[in-house]
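Trainee: Could you take me through one part of this model in detail? I would like to look closely at the salt bridges.

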Amino acid sequence: MTTNNTTAILPPIRVGDLDDQARGFIGILYHWVHTHWLQILIVLAVASVIVMALHFVRRLARKYCMRDSGPRGWFGVAARATLQTGNFFMVMAAAKIVTADTFAGTPREVLSLINVLWVIVAVFQMAIWAREIILGTIEHRTGGDHYAGEAIGSAMNIIRLLVSFAVFAIAAIVVLDNLGVNVTGLIAGLGVGGIAVGLAAQGIFADLFAALAILLDRPFRRGDAISYDKSAGTVEAIGLKSTRIRGVTGEERIVANKQLLEKEIINNTQREYRRVVFTLAGAMDPGRDDGGAAIDDQGRGRGRRHEVRARRFRHLRRAKL
């Protein structure tokens, strides 16, 4: 006699079970409203006040962001994050607050539904806030007087994509874990996939993060005259993969960001003065005295200027003493 030891991992979902559960939930809800209608009205009034208060806070944030000068500083970052608060989050926050007490006699099934919805909404709303705070912080760091205005604009799209993918992936894993799903295998799969993608696109990601380092640390700006390795030129554009530099002889050089940061960079634009050595060649006719006289006059003129400067220096030094 043989026995079948195979068991199903998950029981099949039948439409009849879902229909029975929906009918039972509606019956419980109808009985709760019929027996606690006064408490429910009071709870709804309190929840409405909470929602209106949250709407008022978001309206203040919108007014702050719409000022003529625009949002400034860390208050601007907080206002931008507050402006992204969703209406459904406000409703669920109010429902979570008013159902924390047993005043209305909320059934267990309704509390379970509110808790599930609250976990999903709260986690994704926090992900949205985190994304806005990170992006606002980057714009705040690169928007000062020491940074070029085009820096954040050229890389904002890729930064937004990377930050959004990271925060929402974390939010999805947290939601699934709170709903009782085993996310160990999912995290391991994402880790292996991330390692494979990182090894395959190692050069691209190296140049990408080098570009972000240039945009945040700002060793040079667009339009600066720099010297690196044995070359020199003017920075024309800072891209996500490479930097374009116009050489002193007119050619355009495209240098990978990672390769550029590995070299010593001299920012000549930040110098107060630049010393350039010129070699001048002149022809003089020994048979003519006017050329030699002109050179002698120039030499005597330089000597008189140096003598005047020396006298001024001695006079200033005596005055200080």
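Mentor: Happy to; here is a walk through the charged pairs, with a short stop at a nonpolar patch afterwards. Please keep in mind that this is a predicted model. The count of salt bridges comes to six. Let us begin with Arg80 and Glu132, which form one of them, with their closest N and O atoms 3.4 Å apart. Arg80 sits in helix H3 (residues 73-83) and Glu132 in helix H5 (residues 108-142), so this pair ties together parts that are 52 residues apart in sequence. Glu132 is buried, because its relative accessible area is 5%, and the cut-off for buried is under 20%. The pair also has company: Arg80, Arg131 and Glu132 are linked in a network of salt bridges.

Next, find Glu251 and Arg253, whose side chains meet in a salt bridge at 2.8 Å, N to O. Glu251 is partly exposed at 27% relative accessibility, and Arg253 is partly exposed at 26%.

Then move to Lys258 and Glu262, where the N to O distance in the salt bridge is 2.6 Å. Here Lys258 is partly exposed, at 39%, whereas Glu262 counts as exposed, at 58%.

For a change from charge, turn to the nonpolar surface patch formed by Trp37, Leu38, Leu41, Ile42, Leu44, Val46 and Phe103. Together these residues have about 690 Å² of accessible area. Leu38, one of them, is placed in helix H2 (residues 37-65) and counts as partly exposed, with 46% relative accessibility.

Conventions: Residues numbered from 1 in each chain as written. Predicted model: local features only at pLDDT ≥ 70, side-chain atom pairs only at ≥ 80, totals over all residues. Heavy atoms only, no water. Patch = residues over 30% accessible without salt bridge, like charges linked within 9 Å, V, L, I, M, F, W, Y side chains within 5 Å. Areas by Shrake-Rupley, 256 points an atom, 1.4 Å probe, with all protein chains shown as cover. Salt bridge = Lys/Arg side-chain N within 4 Å of Asp/Glu carboxyl O. Helix = DSSP H or I, 4+ residues; strand = E, 2+ residues; numbered from the N terminus. Buried < 20%, exposed > 50% of the residue type's maximum accessible area, 1.4 Å probe, protein only.
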